[in-house]
Amino acid sequence: MIANPSRRGFLIRGSAALTGAALSPSAFAIAQRGSSFDPSRPAAAAGRLSIGGDLLVSRLGFGAMRITGDGIWGEPRDGKEARAVLRRALELGTNFIDTADAYGPYVSERLIKDALYPYPKGLVIATKGGQVRPNAQEWVPDGRPEHLREACEASLARLKLEQIALYQLHRPDPKVPFEDSVGELAKLQQQGKIHHVGLSNVDPEQLAKAQAIVKIVSVQNRYNVADRQSDDVLAICEREHIAFLPWAPLAQRAQAAAAPDPRLATLEAIANERHIDMAQATLAWLLTRSPLILPIPGTSRVDHLEENIAAARIRLSRQEMERIG
Ligand SMILES: NC(=O)c1ccc[n+]([C@@H]2O[C@H](COP(=O)([O-])OP(=O)(O)OC[C@H]3O[C@@H](n4cnc5c(N)ncnc54)[C@H](OP(=O)(O)O)[C@@H]3O)[C@@H](O)[C@H]2O)c1
């Protein structure tokens with residue numbers, strides 16, 4: 001994973017912690033609209049993305065799945081570090097956090113509330129519903145309208161929010177007509193429980209079906225330098241100005257594979273030439289790939305978070321992108 005020992009030169013240290021004054025409750029609003037984008041913070045170097053026309057976020061977010069226990073089940077081994085990661089993400093200028101009720105389950109959302117409530121104005125907490133965890137091994141889609149309503153209301157309570165800024169259908173449920181699941185999210189939006197609707201793990205046809213029912217502002221699919229299966233969905237997102245949130249942005253599975261993906265090998269060579277860490281190189285590839293991409297790298301460690309956010313300022317050249325292919 002570590003491409004070069006000098007990678008720590010890229011770490012951004014000593015960024016002023018949010019002061020007590022900056023964090024005073026009066027400075028915060030439960031309503032998550034407005035912007036907390038701060039151009040002086042490291043994440044700002046990634047640029048900004050407007051989600052749904054009114055959520056202005058820094059284009060490097062944080063994925064809060066890894067702050068739970070092993071196998072995304074139960075409490076984290078180090079709860080103090082998990083809360084520190086969340087607070088540090090905000091200090092470094094990230095104002096977009098992705099989570100889901102299924103992470104833990106419930107643990108990730110609860111830790112976000114414990115660590116960050118009252119929330120700074122403009123912080124976007126994007127959560128998801130539509131997937132349940134009967135045990136540590138299983139992730140089972142549940143897209144029944146009644147489940148989605150219950151899940152959304154439970155997330156609102158857990159996160160202590162009056163409205164969820166971005167609520168995403170975690171995964172289409174093959175047992176439930178997709179239109180019924182999306183239709184329920186549209187109802188939740190009409191009732192003010194959800195501000196914007198997003199999708200996850202969808203193909204172009206599902207995206208089009210959902211768009212016929214409700215405005216879709218984001219798609220979260222697996223995508224990284226070694227996994228381009230969602231190139232077609234990304235192209236639609238670019239055309240229609242829909243935020244694209246690649247999950248597994250760091251391509252860890254591909255990096256662990258016995259036979260290295262040639263694109264990953266080329267990126268590693270570039271990382272070595274530039275004296276940057278491989279995690280940073282994978283994020284730089286995504287940030288360069290499309291202005292609609294908002295990576296949400298996840299970690300349980302403050303040092304990894306700092307490395308990842310330091311990638312906000314790295315872009316690959318056209319020649320480097322062509323070399324990778
Ligand atoms: N919609 C979906 O179906 C779906 C599925 C999966 C994930 N997601 C979302 O996407 C986010 C990211 O996905 P992901 O967590 O699977 O993939 P990822 O962010 O690409 O990788 C996370 C893994 O990389 C390690 N890592 C992070 N930064 C590192 C660094 N600088 N150096 C070395 N290792 C590092 C983490 O371990 P450490 O904890 O040790 O740093 C963790 O094991 C999740 O948090 C979640 O919000 C969505």
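Begin by selecting β8 and β9, two strands that pair in the parallel sense over five bridges; bear in mind throughout that the model on screen is predicted. Within this pairing, pick out I164 and, across from it in β9, I194, since the two stand opposite one another.

Keep β8 selected and add the strand on its other side. Strand β5, residues 124-129, pairs with strand β8, residues 164-169, again in the parallel sense, here over four bridges. Two places are worth labelling along this pairing: A126 stands opposite L166 in β8, and G129 has L169 as its bridge partner in β8.

Now widen the selection to the whole sheet. Seven strands, in the order β3-β4-β5-β8-β9-β10-β11, form an open sheet with parallel pairing. Its edge strands are β3 (62-63) and β11 (243-247), each of which pairs on one side only.

Next, show helix α3, residues 145-159, which lies across β5, β8 and β9 (194-200) and runs at about 145 degrees to β5.

Before leaving β8, ask how many of its six residues are buried. Six of the six are buried, so the strand is largely enclosed by the rest of the structure. To see part of that surrounding in residue terms, centre the view on L166 and display its contacts: leaving aside residues up to four places away in sequence, L166 touches I51, L55, V124, A126, H195, H196, G198, V217 and S218.

L166 also leads into the largest nonpolar core, which has 91 residues. Select L86, I112, V124, L166, A243 and F244, the members that touch the most other members of this core. Then add helix α9, residues 278-289, which contributes the largest share of the core with eight residues.

Finally, turn to the ligand and select the residues around it. Which residues come nearest among the 25 around the ligand? They are G63, M65, L250, G298 and T299. For a secondary-structure view of the shell, highlight helix α10, residues 302-310, which gives the most to the shell, with three residues. Colouring the shell by residue class then separates ten nonpolar, eleven polar and four charged residues around the ligand.

Key:
Residues numbered from 1 in each chain as written. Predicted model: local features only at pLDDT ≥ 70, side-chain atom pairs only at ≥ 80, totals over all residues. Pairing = 2+ DSSP bridges. Contact = placed C-beta atoms within 7 Å. Axes fitted to C-alpha atoms, helices over the stretch in contact; angles between N-to-C directions. Near = placed C-beta within 6 Å. Nonpolar A, V, L, I, M, F, W, Y, C, P; charged D, E, K, R; others polar. Core = buried A, V, L, I, M, F, W, Y, C linked by C-beta atoms within 7 Å. Buried ≥ 20, exposed ≤ 12 C-beta atoms within 10 Å, placed from the backbone.
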